[in-house]
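Biologist: Please take a close look at one part of this predicted model, the packing of its side chains and the space left open beside them. I would like each term explained as you come to it.

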Amino acid sequence: MNSCEILRALDTVAAVSGKLEKSALLTTYMVDPTFQRVMKLMLNPLISFYKRPARSEVFGTGVFTDDTWLMLDRLATRQLSGDAANREVQSALNTLTPESSELLWRVLHRDPRAGFSEGSINKILPLTIPEVPYMRCSLPSDVDLESWPWARGIYLQEKADGTFFALTVKNGGATVISRSGFEWPLELYGDLGEVFASWPDGQYHGEMLVEKDGAILPREIGNGMLTSVNKGTPFQAGCVPVPYLWDVVPLESLTRRGSCLTPYSERFSQVGKVVEDLGGGKVRLIHTQVVYSLDEAYAASGVHIRNGKEGAVIKHPDGPWRDTGSSGSPFSVKIKMEAPAELRVKGLSKGKGKNAKTFGALECVSECGMLEVNISGFSDELRLEIFNNPERYIDSIIKVTFNDVTKPNKKTNLYSLFLPRFGELRPDRTTADTVERIIQQLEDAKATIGMIESVAA
């Protein structure tokens, strides 16, 4: 396939909504080695071209040649950078056919724009695309915390409720990706890209928050703004991104089920030194303290929760870093606020993308009607069960867990829930909770943390 044919193939995949239909088309196209090559360049989270140009408005008659592939390789290895890179990229975009120019633009932006991800490709040809390595946290019930070296001290870090990011620094270039591998447009983040590019090679982990007039914005506002910025909208006036870091791992560890055996205490010290020496005052270390007992850990987490944060994470000083896949690390444990609520299901929202043939979310309300929230995140099996038996769910009561109650929306004057998760169907209940009761249950959960604090004190 040439570059024009590959662009048409991607548009064909984009035009179908069903997961099986997309997979069937991709299976056909992945036989072609050039299509495979484009997929690897677009979807590999460890590759960046450090250029995100605008689409060209001038075109020629060319298709991808060896010169195109060589330019991409030189961009990725930083052999081609700066103004010289800008000129060569623009020249390539201007001399290709409209279809080939669009394909090059998508490669440089690392986005097929066809409604599939690296997981779809790896199901067809396993390990074609390295999936984004990530170390998840465990919950206290999953880990033998009594065996931790509390007498030596355990790291406790604020869960700041920002947006997670992984910053890769390599050969004097810097890229930032989300947990799913989406590359952030660093050109919209002020001079952070230049700051990051001066750092030692490695991948730094943290979360991004947004500050306005010296104060961190509430998570629902800040994270919403980051989502808009990552889609191409500049930061609002007076708002600046503030990265908080907590870890760094060597690039060679970033493989499927890869690991770094350097103890966390050493990795955290490395991050602290980089932030202090090279952060330029624009990068911060996540709020960290050392605690010496599990009660003290719960007490400190309670302080963060009462200050409006989700909670805290405790980390074993000797803990390695590992890509844990869907499981959690026994060396990194999340202590967070969770409260229950019972809501009435009013309907199923329309599905999009891979859920177009089933539904998007359960539309739920409180008994008083003053709170509305959509519940999603179902397994494929549960989603099909709900879709095939809607009468079991609509107008029924379900139990959910959540982390916080959000303030009334200015337009609708309705409350909502932060991070709601489906628990179970409650056929024994005929009424849902009111907003008043939901807020009280949240306060009761916070009070429990408060009682632990008083015991620890």
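Modeller: A residue is called buried when its relative accessible area is under 20%, exposed when it is over 50%, and partly exposed in between, using a 1.4 Å probe and the protein chains only. Because the model is predicted, local features need a pLDDT of at least 70 and side-chain atom pairs count only at pLDDT 80 or more, whereas totals for chains, interfaces and linings use all residues. Residues are numbered from 1 along each chain as its sequence is written, and side-chain values use heavy atoms, with hydrogens and water left out.

Threonine 175 counts as buried because its relative accessible area is 7%. Threonine 175 belongs to strand E4, residues 173-177, where strands (E, at least two residues) and helices (H or I, at least four) are DSSP runs numbered from the N terminus. Setting aside residues up to four places away in sequence, Threonine 175 touches Ser48, Tyr50, Ala166, Leu167, Thr168, Glu183 and Leu186, contact meaning heavy atoms within 4.5 Å. Leu186 is also in contact with glycine 193, whose other partner, leaving aside neighbours within four places in sequence, is Ala174. Glycine 193 lies in helix H8, residues 192-197, and with a relative accessible area of 18% it is buried.

The aromatic rings come next. Rings of Phe, Tyr and Trp (its six-membered ring) pair if their centres lie within 6.5 Å, and planes under 30 degrees apart count as stacked, over 60 as edge-to-face and the rest as tilted. By this rule there are 15 aromatic pairs. One of them joins phenylalanine 164 and tryptophan 246, a tilted pair with 6.2 Å from centre to centre and 40° between the planes. Since phenylalanine 164 lies in strand E3 and tryptophan 246 in strand E7, this pair ties together parts that are 82 residues apart in sequence. Phenylalanine 164 is buried at 14% relative accessibility, and tryptophan 246 is buried at 16%. Phenylalanine 196 and tryptophan 199 form an edge-to-face pair, with 5.2 Å between centres and 75° between planes, and both of these residues are buried. Ring pairs also link Phe165, Trp184, Tyr189 and Phe235 into a cluster.

Phenylalanine 164 leads on to the open space, since Phe164 is among the residues that lie nearest the centre of the largest pocket, together with Tyr134, Met135, Arg136 and Arg179. On a 1 Å grid over the protein atoms alone, a pocket is an open set of points with protein on both sides within 12 Å along at least five of seven lines, a cavity is a set of points where a 1.4 Å probe fits but cannot get out, and lining residues have an atom within 4 Å of a point. The largest pocket holds about 1200 Å³ of space, a volume being the space filled by probe spheres set on grid points that are joined across faces, edges and corners. Its lining has 42 residues, divided into 13 nonpolar, 12 polar and 17 charged (Ala, Val, Leu, Ile, Met, Phe, Trp, Tyr, Cys and Pro count as nonpolar, Asp, Glu, Lys and Arg as charged, and the others, Gly among them, as polar). The strands that each supply at least two residues of this lining include E3 (163-170) and E7 (239-249), the two strands of the tilted pair, as well as E5 (202-212) and E13 (329-336).

Met135 appears again in the lining of the largest cavity, alongside Asp247, Tyr264, Arg267, Lys315, His316, Gly319, Pro320, Phe331 and Ser332. The elements that give two or more residues to that lining are helix H10 (264-278) and E13. The volume of the largest cavity is about 50 Å³, and its lining divides into 4 nonpolar, 3 polar and 3 charged residues. Over the whole structure, a search finds 3 cavities of 30 Å³ or more.

The second largest pocket contains about 730 Å³ of space. Of its 30 lining residues, Pro218, Arg219, Glu220, Ile221 and Thr406 are the closest to its centre. Helix H9 provides the largest share of this lining, 5 residues, and the lining as a whole divides into 12 nonpolar, 8 polar and 10 charged residues.
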